[in-house]
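This report is meant for a reader who has not met this structure before. Please look over the sequence and the model shown here, and then follow the sections below.

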Amino acid sequence: MEDELRCPTCKQLYANPVLLPCFHALCLGCALDIQTPYTPGGPAGTANGGVAPGGVSAVNGQQGTGVGGGPGGAAGGGAPGTRHSSHSSAASTASSATGSESVTSDQDQSDKVSIFSEADSGVVCCSNTSRPVSYAGTGQLQGLLQGSVVAPPGAAYCLTCPLCRKLVFFDDGGVRNLPTYRAMEAIVDRFCAREALRCQMCETDPKVASLICEQCEIRYCDQCRELCHPARGPLAKHTLVKPRGAAQARESVCGEHEETLSQYCLNCKMPACGQCIGEQRHQTHDVQSINVTCKAQKTELSHNLQQLSEKARSTTEFIQRLKGMSDKVTESCIEFERLVHAQCEALIQAIHDRREYLLEAIRMDKDTKIRILKDQQSNCTGKLQQTTGLIQFCIEALKETDSAAFLQVGSMLINRVANTDMTWHQEVTNAAPRVSPIVDLTLDDAALARAIDNLNFIQMKVKDEDERCPAAPMTPTILPTDCSAENNSVTVAWQPPNHSFVEGYVLELDDGSGGEFREVYCGKETICTVDGLHFNSMYNARVKAFNSAGEGEYSELIGLQTAEVAWFTFDPVLSGGAGSGLIFSKNNATVSVEGWEHRVALGSVGFSRGVHYWEFTIDNYTADTDPAFGVARIDVARNKMLGKDEKSFAMYIDRQRSWFQHNSIHERRVEGGITTGSTIGVLLDLERHTLSFLVNEMPQGSVAFRDLYGVFYPAVSINRGVTLTMHTALDAPKMDYF
């Protein structure tokens, strides 16, 4: 409450408070200091081009410096340099040592305009009488907008409220005409009495102060005054006064009739005495007993205070809850740290266990290899010993001088040595170690390393009181540097959201024209390529994550522009695969066939929108055959001439003429054929839904087919003796016969 009892100008407890028309209060001395003499014809609030100290210019609200009239502005009869009475010192010393900060606030220009609006009826500043003694009218709004305020007639002084910046004009009486703020004065007195003003010089157990020095602004008890503030030397000139005591009962008296204020005029909203009520100015007004009015307003204030107290009580309880939650946060974090530490220790232990398992596997592999090598070594050693014994036996047999005796075993020894030599070559000479001395294994730790790098927290939500489950994931982040558009396909890459448990992602694209979004992918991958889109279109993409708890928010949009013109080749798979008989070369741009039967080759992209043009160059044309050029649907018959079924639209041509063909119906023969080196152009205009052909850059007849709707693939059918190459990414020629 102490802040409510401090003057916004001097920051001390109110001394002789006066009430402004805006219902803000000022010390009388402070009001005298900041009031400004008004000079007719000049800007409001100025005197000789200046503003009193602490005052505010009526035009721009900037702090100014007083000129003439002294620091106090010499207004309203106040002595220059005198700010407060002795009560000011008492009030200032009763306050705490640290003053509160200023609560003045700058109002904007619109607030100032409202003060001088034509809806205002003026401000009446009264003294203790019920009769107005000073009138401050509304300034002219036009003058304010032009940078100055025109005061009402008779204005001699003006004052700007330091809190709301509202401007008030006074007559020659100045701020002394403002009513005394009796309620504030009584509250300040009661506050000072409760403060039990004590001596500020006592070191221990301060005693009640008996005097206050107005100059030093220090309270003394009798003993400390004799010791610290003797009445001699320079201190003899200081003024010592008694501290403000308990509040004294006051009774409001009419300043005009010296009669107790007993009535309250509801129209004028001011108290009045009996004689005032009898005067003509109040005869037609609604009058009520001042006690009844006071009781009614106290009742209303008590009711409002009760509501405000309930809110304050709720706020207090909320603050206590916040304090309790702070303790719970600390406990929860400590418990969570323990849990994370335990989980990490468990993971480390699992890695240690797995390491022991892997090391044991290596040791077992080593033992197995060594055992195999020892077995192989043992076998080779036994074979070597047997062979060495045979060699030594044969050498001794060769020493036999008895021919009959040698011949008895000669053939046997020859066969035995030959067989041993043969098996030696197979078992020893060409033999290799059964195992490699190099460990041909490696530790696959890439997935685990990625898992460790991605090890993070996930957001949880409380499902029941003791049950927690993962919350819906947060928003993924699209990675523009990893996104691309090529031909009629786009690639979108995104980064998983932090602190979220994700079960999958949903990627959506619009229709390339700013229309509705549709789902094109749902899965766990964080990159997706979408094929088969329209050329020369701007596609917007967005992605969201989901889990069992729900779906997260969509990411920001990213726009990807497909190619203006199509680049493509023949597609061996769409053309029937390896069994089609077609021969593709030059990166699938050239095609030929060995058989006499027509085979259909399809391009690698399909078109459903836009204008597209491609050409074929006849590289070889030796046989008397009719190659066909055009477009087809994906399910066209691939073992017939193009145009023989309802799925294809074609022009077939020979050395002299051409025909247009669809569903085995050929029509409109056009003169002009092809040879080796000729060029066939195909113009598919899906904006007009037409198909046209050109031969050697000249139109081959008029529009071949109309009303083409759907998805069409570039197509050609050839047989033996024809080789052609397709050229794409070409600008469409201008056709003037539509």
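## A nonpolar patch on a helix

Patches are made of residues with over 30% relative accessible area and no salt bridge, and nonpolar side chains such as those of Leu are joined within 5 Å. In this predicted model, L301, L305 and L308 make a nonpolar surface patch of about 290 Å². One of these residues, L305, has its place in helix α8, and because its relative accessible area is 44%, L305 counts as partly exposed.

## The span of helix α8

Helix α8 covers residues 290-398, which is 109 residues, and at 1.5 Å a residue it should span 162 Å. The C-alpha atoms at its ends are 157 Å apart, so the value found in the model agrees with the expected one.

Which residues of α8 are buried? They are T293, K369, Q376, K383, T387, L390, C394 and A397.

## Aromatic pairs

The structure holds 15 aromatic pairs. One of them is formed by F568 and W614, whose rings meet edge-to-face, with 5.8 Å from centre to centre and 80 degrees between the planes. This pair links distant parts of the chain, since F568 belongs to the loop between β24 (558-561) and β25 (582-585), whereas W614 belongs to strand β28 (residues 611-621), 46 residues apart. Buried means under 20% relative accessible area, and F568 is therefore buried, with a value of 4%. W614 also counts as buried, because its relative accessibility is 0%.

A second example is the pair of F660 and F693, which is stacked, with 5.9 Å from centre to centre and 20 degrees between the planes. F660 lies in strand β31 (residues 657-662) and F693 in strand β34 (residues 690-695), so the pair ties together parts of the chain that are 33 residues apart in sequence. Both F660 and F693 are buried, and they belong to one aromatic cluster that is formed by F649, F660, F693, F705 and F712.

## A charge over two rings

Where does the charged end of R542 sit with respect to the ring of Y554? It sits over that ring, 3.8 Å from its centre. R542 also lies over the face of F517, where the distance from the ring centre is 4.1 Å.

Terms used:
Residues are numbered from 1 along each chain as its sequence is written. This is a predicted model: local features need pLDDT of at least 70, side-chain atom pairs count only at pLDDT 80 or more; totals for chains, interfaces and linings use all residues. Side-chain values use heavy atoms; hydrogens and water are left out. Rings of Phe, Tyr and Trp (its six-membered ring) pair if their centres lie within 6.5 Å; planes under 30 degrees apart count as stacked, over 60 as edge-to-face and the rest as tilted. Helices (H or I, at least four residues) and strands (E, at least two) are DSSP runs, numbered from the N terminus. Buried means under 20% relative accessible area, exposed over 50%, partly exposed in between (1.4 Å probe, protein chains only). A charge sits over a ring if NZ of Lys or CZ of Arg is within 6 Å of the ring centre and within 35 degrees of the ring normal. The expected span of a helix is 1.5 Å times one less than its number of residues. Patches are made of residues with over 30% relative accessible area and no salt bridge: like charges are joined within 9 Å, nonpolar side chains (Val, Leu, Ile, Met, Phe, Trp, Tyr) within 5 Å. Accessible areas come from the Shrake-Rupley method with a 1.4 Å probe; for residues, only the protein chains shown count as cover. A salt bridge is a side-chain nitrogen of Lys or Arg within 4 Å of a carboxyl oxygen of Asp or Glu.
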